[in-house]
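Biologist: I would like a close look at the interior of this protein, with attention to individual side chains and what surrounds them.

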Amino acid sequence: MHGMSESAGQEEVHKGPRFLVGYDHECKQVDSRIMSNNSEPYDEDEEEEDLSSERQIIVGICSMMKKSNSKPMTQIMERLCKFEYITVVIFPEEVILNEPVEKWPLCDCLISFHSKGFPLDKAVSYAKLRNPLLINDLNMQYFIQDRREVYRILQEEGIDLPRYAVLNRDPDKPEECSLVEGEDHVEVNGEVFHKPFVEKPVSAEDHNVYIYYPTSAGGGSQRLFRKIGSRSSVYSPESTVRKTGSYIYEEFMPTDGTDVKVYTVGPDYAHAEARKSPALDGKVERDSEGKEIRYPVMLTAMEKLVARKVCMAFKQTVCGFDLLRANGHSFVCDVNGFSFVKNSMKYYDDCAKVLGNMVMRELAPQFHIPWSIPMEAEDIPIVPTTSGTMMELRCVIAVIRHGDRTPKQKMKMEVRNALFFDLFEKYGGYKTGKLKLKKPKQLQEVLDIARQLLAELVQHNDCEIEEKKSKLEQLKTVLEMYGHFSGINRKVQLTYLPHGQPKASSEEEDSLKEGPSLLLVLKWGGELTPAGRVQAEELGRAFRCMYPGGQGDYAGFPGCGLLRLHSTYRHDLKIYASDEGRVQMTAAAFAKGLLALEGELTPILVQMVKSANMNGLLDSDSDSLTDCQQRVKARLHEIMQKNKDFIEEDYQKLAPTRSPSLVNSMKVIGNPVKTCDQVYALIQSLTCQIRKRLEDPKSANLQLYHSETLELMLQRWSKLERDFRMKSGRYDISKIPDIYDCVKYDTQHNSSLGLENMLELFQLSRALADIIIPQEYGLCKPEKLDIASAYCLPLIKKIQLDLQRTHEDEAVNKLHPLWFRYSRGVMSPGRHVRTRLYFTSESHVHSLLNLFRYGGLLNEEKDEQWKQAMDYLSAVTELNYMTQIVIMLYEDNNKDPSSEERFHVELHFSPGVKGYKDEENAPMGFGFRPASVEKPEKREDLGSLEDLSQDETDRALLTEPLSIHRKSPLIRRRKAGSMEVLSESSTSSCGGSYRLFPSCSRQSPEVKPSGLGSLFAGLFSASFRGVSSSAPNLRELAQAQRKKTTSPRRRSKRDGFEGCSMVPSIYPLETLHNSLSLKQVDEFLNKVCESRSDTLFKTWKYSSDPPSAVSNSEPSSPSVPSSNFSFNCE
């Protein structure tokens, strides 16, 4: 707002509009009444004054001075005065406040609106006295100050708004004051609102709106308020609702982090802008001049109808309201009344023209003023400009594994006590025979049962309590960890066993009991670590650079193009995650980096991440294996129990695909039983060392990474020691992934303990895991496809739908010729880009990659690039945390719309985070978008990035050659606090360095840095013949972004705390293929879906030798989701 003194204001207005302070429209002559009210005489000569005054329509501005003198009001009124017959009168604030309405200036048309301190009652009296044309109705402004009335009017008009209930704390109306608060919901006058929900004061002047989050997302609340500096909200751990005052409670609408502000000027004009939602992270985005960043938005036809309804229902010509776009619908959540757009010349022009035409249309006939309605339409739509690139990015689909986590742990026990059966029945377990308990209340009930049974055992040694005491104690200990149940870090699964549990492992009792029982599976651990959060957030930042305009500078952030796209709704973004806590938090951290957000992950998780546990899209019940997978596991067990060196026959059985990664691991192992003996001995040595450390008083209070203690570390290793070697003396091969999981975690995060033989245990368990993990998803190609499609069919169908819907979208956003005047120098990406991000676990990533590898997408013998890609994938040993499979769809607007070449699909892959000591054995890929497949002259232009070679600021950043960044190691060093920082040192006491992929050796010397090439060289690998200009570098990004607060205390790595361990870098994306047509991909996905449907009735039957024939059998698995499901097409 631009405040100014009264005289300055008058002087300012005098230059444009003629400043009249009184006019009686019933009298056509300018007489002594005007002169007596006039603050100063006119400068024009008298003859012109007489002529014009006979025909002038006076528009009065009656509002507080802060509003009257604001920049938007001044700009619009100056434009309004360019109408030949309109003069503007501004009512002085002291007159409004101190003079009776009879002494207020006269006008024919009144623009008057309420703001803090404004006497609305006097304005109503003035309008009654003088009867001017009202631009905004005054009586309706009383209603706008009460959110209850606003919602009532919206409802009466049939305008969609969030489901809500009003809590009136009025002693005279006790029936409207019923509030029952639960842990994750409130019940207001009988209406239940599950968290997340919104709590709004009934007074529209009170901006202290709270959003309450569910315990599963971390709990707490986001507290919104009027902008103070650069903040508009703050996160609070407080989870209980306010107990004084009256409030509206409403359903929280997931809006993907952006709010739409709509500004009407009459029922036929609406300007819309997007801004970052204040509920997201509370940080206000500001431009270089300190103004909040907002972007033009295109309203749909339905939204324009809503704008018309709001304008007319509240009788406010100039009216602002808030739209929430959620779940494919638009909801009105607030009506603000008189509001102008700030800092938009386009809006100032349009608003003055619409208002001027409106005033003239209503009043010109009364004044006998010759005036005709202009022919041009008043509603000029705001549309995005198009980018001048050869290939337009239309869709990005990424399937991403979660980030670094704590080791997953699991305990099984058979329970028969009536208390467990009661709990099973209470939560509907008998409907499906299975029950999953994750909510705090449910886990508390399990804990109470465990405590009760243990107490009874101690008091009576009751033989009827059949549950094993040690198991009950472990159940109690795990559920009591952390002292609370917030977050998503533990779960209990109960499965009904009609005939009890058959003896399966060393954990079970020797004697079998008769009758039904429940199998209780307790899972804990597997939480996303601080390192995992850092990895996800930085990968999110780097992902921005795949989008149009990605090389810009956006308020200090790289990836301007994506952020502009997202805010203007030209970015159609949906983020899905399975229901595991580590996966959801990875998705939230990625979104935080992708969209330049700040603060806690909980608000981001609630608003941005959609839980995708419907139809098995991203979740898989690992306890319900397909028949094929059970057979595969049995064969794996059989082969790995041979106490002799592998022979050629074993290679044929265990690695029929002859993948180099498998063959190499088998050579390292030699004799599987002897290798398991070594692993078992090393685990025994490790537990022995930890026990000795525990006995040492110096180590008593030693805290390990992520708040773990030595006792907890000993517990997980001791459990593996017990479970790995069964009572029969044979080894439980299924424990190998858990052993590798634990040793990988401790090698990276707890290496400061200096435990002996860790490296040897790591290498041996990794060699075993490199066989067991990938081969659990099938030994030969048909098995791999069968198991993969059982896991991935819903996801494959969803990906196919994503690609089809992008292809079917019509190019409705045409360029308006006037828009050039208002968008000079602005990076303007093209039509909307659809982004679908799917965060999931290892099983889905393995399965999806197997479908692409073995499903027949391309013929290796006929396609050299695909053969190279398959060779590369065969050499990849592990799909580590943050593994990515990325599909990018481009449109070539130069090709005929019906041509197969019109839509161009690229398939990219990264094996995720670099493992310990990975550098020397890393497989060599062929780069990101290698130029070998394209015509040389096209290589530089291909892609979605605009040519910004004219941009001086960008050029300044692109002076270093590409190879410099690629040679730089990316490791993490200690930082005071819980977040690690980047370092360029190549050595570390935490056990080796993590170098960027050494792809510089594949780069030809004549390649010159262009576009993003030198600035972001680390996320995308360079090709051996040439590089695309869209390659981000995590080191650059992280250094630019890491302006986080750190504790002044510096700790050494020896102290052992959360920040001590390294955060390994992520392998760059490698292109598997970059010249696929959409038709090819669509036909391939169709074939996969059809073949899976067939296997629901037929299944492969193999001998122990490599398969040569297929035979009919029973359905593969009753647990596989049916193919007859549908998605909501998001």
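Is C676 buried or exposed, and what is its relative accessible area?

Modeller: This is a predicted model, and what follows should be read with that in mind. In it, C676 is buried, with a relative accessible area of 1%, a value that lies under the 20% cut-off and therefore places the residue among those counted as buried. Another cysteine, C81, is also buried, because its relative accessible area of 16% falls under 20% as well. The structure holds 0 disulfides.

Turning to the nonpolar interior, the largest core has 94 residues, and those with the most contacts inside this core are L654, W717, I799, L803, L848, L907 and F909. Helix α25, which covers residues 758–775, gives the most to this core, with 10 residues. A second core, separate from the largest one, has 49 residues, among them I211, M391, A577 and V833.

F909 can be followed in some detail: leaving aside its neighbours within four places in sequence, F909 is in contact with residues including L849, Y872, L873, V876 and L879, and its contacts also include T883, Q884 and I885, together with P1068, L1069, E1070 and L1072.

Charged residues are found in the interior too. E906 belongs to strand β30, which covers residues 903–910, and this glutamate counts as buried because its relative accessibility is 0%. The side chain of E906 makes a polar contact of 3.1 Å with the side chain of H904, and a further polar contact, also of 3.1 Å, with the side chain of H908.

R490, in strand β22 (residues 490–497), is likewise buried, yet has no salt bridge; the nearest side chain of opposite charge, that of E527, is 6.8 Å away, whereas a salt bridge would require a distance within 4 Å. Backbone oxygens do lie by the side chain of R490, however: that of V478 is 3.2 Å from one of its polar atoms, and that of L479 is 3.0 Å from a polar atom of the R490 side chain.

Finally, a loop residue can be buried as well. V209 sits in the loop between β9 (197–201) and β10 (210–212), and V209 is counted as buried because its relative accessible area is 9%. Not counting residues up to four places away in sequence, V209 touches R147, V198, E199, K200, P201, Q222, R223, L224 and R242. The C-alpha atom of V209 is separated by 9.8 Å from that of I248, a residue 39 residues apart from V209 along the chain.

Definitions and conventions: Residues numbered from 1 in each chain as written. Predicted model: local features only at pLDDT ≥ 70, side-chain atom pairs only at ≥ 80, totals over all residues. Heavy atoms only, no water. Helix = DSSP H or I, 4+ residues; strand = E, 2+ residues; numbered from the N terminus. Buried < 20%, exposed > 50% of the residue type's maximum accessible area, 1.4 Å probe, protein only. Lys, Arg positive; Asp, Glu negative; His and termini not counted. Polar contact = N/O pair within 3.5 Å; in protein donor to acceptor, adjacent residues only side chain to side chain. Core = buried A, V, L, I, M, F, W, Y, C linked by side-chain atoms within 4.5 Å. Contact = heavy atoms within 4.5 Å. Disulfide = S-S within 2.5 Å.
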